[in-house]
Amino acid sequence: MTSDVAPQTAIDLLRRMERIRLLEEAIAERYPEEKMRCPTHLSTGQETVPSAIGVALRRDDQVFSTHRSHAHYVGKGGDLGALVAELYGKAGGCCGGRGGSMHLSDRSVGFVASTAIVANSIPLAVGAALANRLLGNGRVGCALFGDAAVEEGVFSESVNFAALRALPVLFVCENNQYSVFTHLRDRQPAGRRIHEMVAAMGVRTVVGDGNDALAVLAAVEDAAAHARNRKGPVFLEFATYRWREHCGPFYDNDLGYRTAGEFEAWRARDPVARLEGELVSRGDLDAAGLRSLQESVRAEVAAAFDVAEASPFPPAADAYREL
């Protein structure tokens, strides 16, 4: 039951969501300065799942991400300064300024890799899970991806292999309905449900509201325990929604691929505001405590940009040095 989530755990979940939201709002605000010379795929509106993953998994569990990687990295506990410095192409970035927005990696927090190729990180998570099983280290692999990834052949191959070997891996689908500008209904047959398709492959599946943070956390915790206890992989599908444009800091509702009504309906379900209200209602935070948490995160975000500004650019010779 979500009411059983301990207050400190719930506050940790909210802090991670606030870190993602406030950092990405700052990225969007500063992007026109042209100091971030890489594409940015923001996750405004999609803060819940990455944060729940970070709370539910162990630090040494291995997460693999996509082109929309900021939230996943921050949710797993990544350093904000290292992330912003990476966007600035600076030596203080988590990849030494050579990865940019879509190729983040920080093994100190179990964030192994992200890649711009749709579904490309899914088999990496399965491979990590296989290694974990052989090593007996108790770690769980986790692939985070969007709904379009299930249309790639490697997704089915990876799920099949993980099911066959009962591997400790989570397949987590953030279903925001769109692949760039194309809705799910225009890409898949009417009546198909992604989680039902995966269940037919013999994998335990979970489906839920990606804006209900406490419920998402409970689902991920249960799935992680299932996988860690040698019971096989779990596929989790959470309905969510991307507020900003597919790639970039702006809003793109003027393009006409989604309606203003649809956008406003989803924005009204703001997952960050919803969890804030729930924690105040539960008595985990009062209004002053919530303001203090937000101010603390804002200060952390400001400090992250200071780190990025102060960090030097890497020397040219680093282009040939392994990370």
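**Exercises on strand pairing and helix packing**

Ala-143 stands opposite Phe-171 in strand β4. The model from which this pairing is taken is predicted.

**Exercise 1.** Determine which strands pair with β3 and in which sense.

*Solution.* Begin with β4, which spans residues 169-175. Strands β3 and β4 are parallel and share six bridges. The connection between them passes from β3 through helix α6 (residues 153-165) to β4, a β-α-β crossover that is right-handed. Next, turn to strand β1, residues 62-65. Three bridges link β1 to β3, and these strands also run parallel. Within this pairing, Gln-62 has Gly-141 of β3 as its bridge partner.

**Exercise 2.** Decide whether strand β3 is largely enclosed or not, using its buried residues.

*Solution.* Strand β3 covers residues 141-146, six residues in number. A residue counts as buried when its relative accessible area is under 20%. Five of the six meet this description, so the rest of the structure largely encloses β3.

**Exercise 3.** Describe how helices α1 and α8 are arranged, and state which residues form their contact.

*Solution.* Two packed helices are described by the angle and the distance between their axes. For α1 (residues 7-30) and α8 (residues 213-228), the axes come within 11 Å and cross at roughly 110°. Angles of 65 to 115 degrees count as roughly perpendicular; α1 and α8 are therefore roughly perpendicular to each other. On the α1 side, the contact comprises Thr-9, Ala-10, Leu-13 and Met-17, which meet Ala-213, Leu-214 and Leu-217 of α8. Sorted by class, this contact contains six nonpolar residues, one polar residue and no charged residues.

Note on methods
Residues numbered from 1 in each chain as written. Predicted model: local features only at pLDDT ≥ 70, side-chain atom pairs only at ≥ 80, totals over all residues. Heavy atoms only, no water. Buried < 20%, exposed > 50% of the residue type's maximum accessible area, 1.4 Å probe, protein only. Helix = DSSP H or I, 4+ residues; strand = E, 2+ residues; numbered from the N terminus. Pairing = 2+ DSSP bridges. Right-handed = clockwise from strand over helix to strand, strands pointing away. Axes fitted to C-alpha atoms, helices over the stretch in contact; angles between N-to-C directions. Parallel < 35°, antiparallel > 145°, perpendicular 65-115°, else oblique. Contact = heavy atoms within 4.5 Å. Nonpolar A, V, L, I, M, F, W, Y, C, P; charged D, E, K, R; others polar.
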